[in-house]
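Please look through the sequence and the structure below. The paragraphs after them lead from the backbone to a metal site and then to the pockets.

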Amino acid sequence: SAKENGKNDFQIFMPFMLMKNLKKIEIEKSLKKAIEADQFELYYQPVINLKDMEIHSVEALLRWVLPEKGIISPLEFIPVAEESGLIVKIGEMVIEKAFSDLKNWERKGISYLHMAINLSARQFKTKFFENMVQKLIEQYGVDPKKISFEITETGAVENFDVSLKILSFLCQLGIRFLIDDFGTGYSSLIYLKKLPIGGVKIDRSFISEIEFSKENRAIVEGIILMAHKLDLKVVAEGVETKRELEILKEIGCDFAQGYLFSKPLPKTQVEKLLLARKITV
Ligand code: C2E
Ligand code: MG
Ligand code: MG
Ligand code: MG
């Protein structure tokens with residue numbers, strides 16, 4: 001009977017497993033081709049300094065552009081890229097494109113601009129990651145003080161010693177680290193403070209309810225107070241309404257980004273905003 005059950009399990013389970021794996025293998029194959037064909041593009045979303053309401057930086061957000069088929073969201077392919085290890089190559093390409101674009105904008109007179117780049121834990125903990133970054137900094141001649149890397153709480157504190165070593169090295173070069181999606185993980189600020197972190201980005205889920213939910217507002221206010229006491233900057237993610245913006249200013253948030261200001265845009269489109277430096281909302 002156990003064998004019968006096993007057989008049943010096999011029949012029910014296998015097609016599902018197979019499909020799931022096939023899909024992954026398919027995505028992985030196409031990802032490899034996409035790397036060769038250079039089908040990746042960076043979109044950029046402005047980040048606003050709430051002190052003067054001017055653009056401070058852009059966050060580079062990866063897009064996989066399939067000719068005639070459309071654009072694939074990073075939420076769909078980053079997990080596969082991480083699992084397969086392809087994220088190392090893709091991530092290096094992201095940094096290279098971002099540095100190159102930053103440098104080009106600098107040449108066009110947009111010299112105030114800082115750049116935030118997302119990193120996967122798997123990517124930044126690979127051997128020689130920090131050397132690769134240092135090499136690209138020199139090659140493109142970018143000012144490391146203009147670069148922030150965004151990592152998640154879990155990514156930051158997992159394998160703490162490895163994190164500490166890599167972050168410290170890059171921090172000494174002048175690069176800053178931000179904790180992305182802050183509030184959704186479960187590490188404490190005190191623990192994070194043992195790492196050279198420059199700021200936190202409060203997750204969109206807290207911001208989107210801030211007008212209506214006393215709890216969310218309390219959480220966001222609390223994060224800002226604690227962060228400032230610890231000498232950390234605070235960025236609010238996913239700001240969509242003027243009211244959200246007003247509240248964030250009121251409670252002392254440093255930076256904000258979101259659809260209220262601009263969606264992530266291809267570089268030729270974001271450039272107009274960068275030249276103007278101010279976005280009317
Ligand atoms: P993230 O780093 O937290 O980026 C913020 C996400 O929120 C972006 O989604 C952005 O388009 C979206 N967003 C910004 N403002 C608003 C808003 O006002 N409303 C709403 N509803 N959404 C907003 P996107 O571009 O799809 O990226 C998703 C995630 O994929 C990113 O989350 C990041 O974790 C990851 N990702 C993107 N690019 C890269 C990359 O180059 N490398 C790695 N490792 N991960 C990346
Ligand atoms: Mg991010
Ligand atoms: Mg985020
Ligand atoms: Mg995220």
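Helices and strands here are DSSP runs, at least four residues long for a helix and at least two for a strand, and they are numbered from the N terminus. With these numbers, Asp 231 can be placed in the loop between helix 10 (214–229) and strand 8 (233–236). The model is a predicted one.

Begin with the backbone. Most residues other than glycine have a negative phi. Asp 231 is not a glycine, yet its phi is positive, about 65°. Is Asp 231 buried or exposed? Its relative accessible area is 68%, and exposed means over 50%, so Asp 231 counts as exposed. Asp 181 also has a positive phi, near 50°. This residue belongs to strand 6 (residues 176–182). Because its relative accessibility is 28%, Asp 181 is classed as partly exposed.

Asp 181 leads on to the metal site. Which residues supply the protein donors of the magnesium ion (ligand 3)? They are Asp 180, through an OD atom, Asp 181, also through OD, and Glu 237, which is listed with OE twice. These donors lie 2.0 to 2.5 Å from the ion. Along the chain, the donors of the magnesium ion (ligand 3) follow the spacing D-D-x55-E. Distant parts of the chain are linked in this way: Asp 181 is in strand 6, while Glu 237 is in the loop between strand 8 and helix 11 (242–250), 56 residues apart. Glu 237 has a relative accessible area of 10%, so it counts as buried. Asp 180 has a further role in the geometry, as it bridges the magnesium ion (ligand 3) and the magnesium ion (ligand 2). The two ions lie 4.2 Å apart.

Now turn to the empty space. Rolling a probe the size of a water molecule over the atoms shows where such space is left. The largest pocket has a volume of about 1,200 Å³. It is lined by 38 residues, and the closest to its centre are Glu 59, Leu 61, Pro 74, Leu 75 and Asn 118. Among the elements that each supply at least two lining residues are strand 2 (54–66), helix 2 (74–84) and strand 6. By class, this lining has 15 nonpolar, 12 polar and 11 charged residues.

The second largest pocket holds about 240 Å³ of space. Its lining takes two or more residues from each of helix 1 (2–37), strand 2 and helix 2. Helix 1 gives the largest share, three residues. Residues of this lining include Lys 23, Trp 64 and Phe 77. Five of the lining residues are nonpolar, one is polar and three are charged.

Conventions
Residues are numbered from 1 along each chain as its sequence is written. Chains are lettered from A and ligands numbered from 1 in the order in which they are written. This is a predicted model: local features need pLDDT of at least 70, side-chain atom pairs count only at pLDDT 80 or more; totals for chains, interfaces and linings use all residues. Side-chain values use heavy atoms; hydrogens and water are left out. Buried means under 20% relative accessible area, exposed over 50%, partly exposed in between (1.4 Å probe, protein chains only). Donors are N, O and S atoms within 2.8 Å of the metal (3.2 Å for Na, K and Ca); water is not among the atoms, so sites may look incomplete. On a 1 Å grid over the protein atoms alone, a cavity is a set of points where a 1.4 Å probe fits but cannot get out, and a pocket is an open set with protein on both sides within 12 Å along at least five of seven lines; lining residues have an atom within 4 Å of a point. Grid points are joined across faces, edges and corners, and a volume is the space filled by probe spheres set on the points. Ala, Val, Leu, Ile, Met, Phe, Trp, Tyr, Cys and Pro count as nonpolar, Asp, Glu, Lys and Arg as charged, and the others, Gly among them, as polar.
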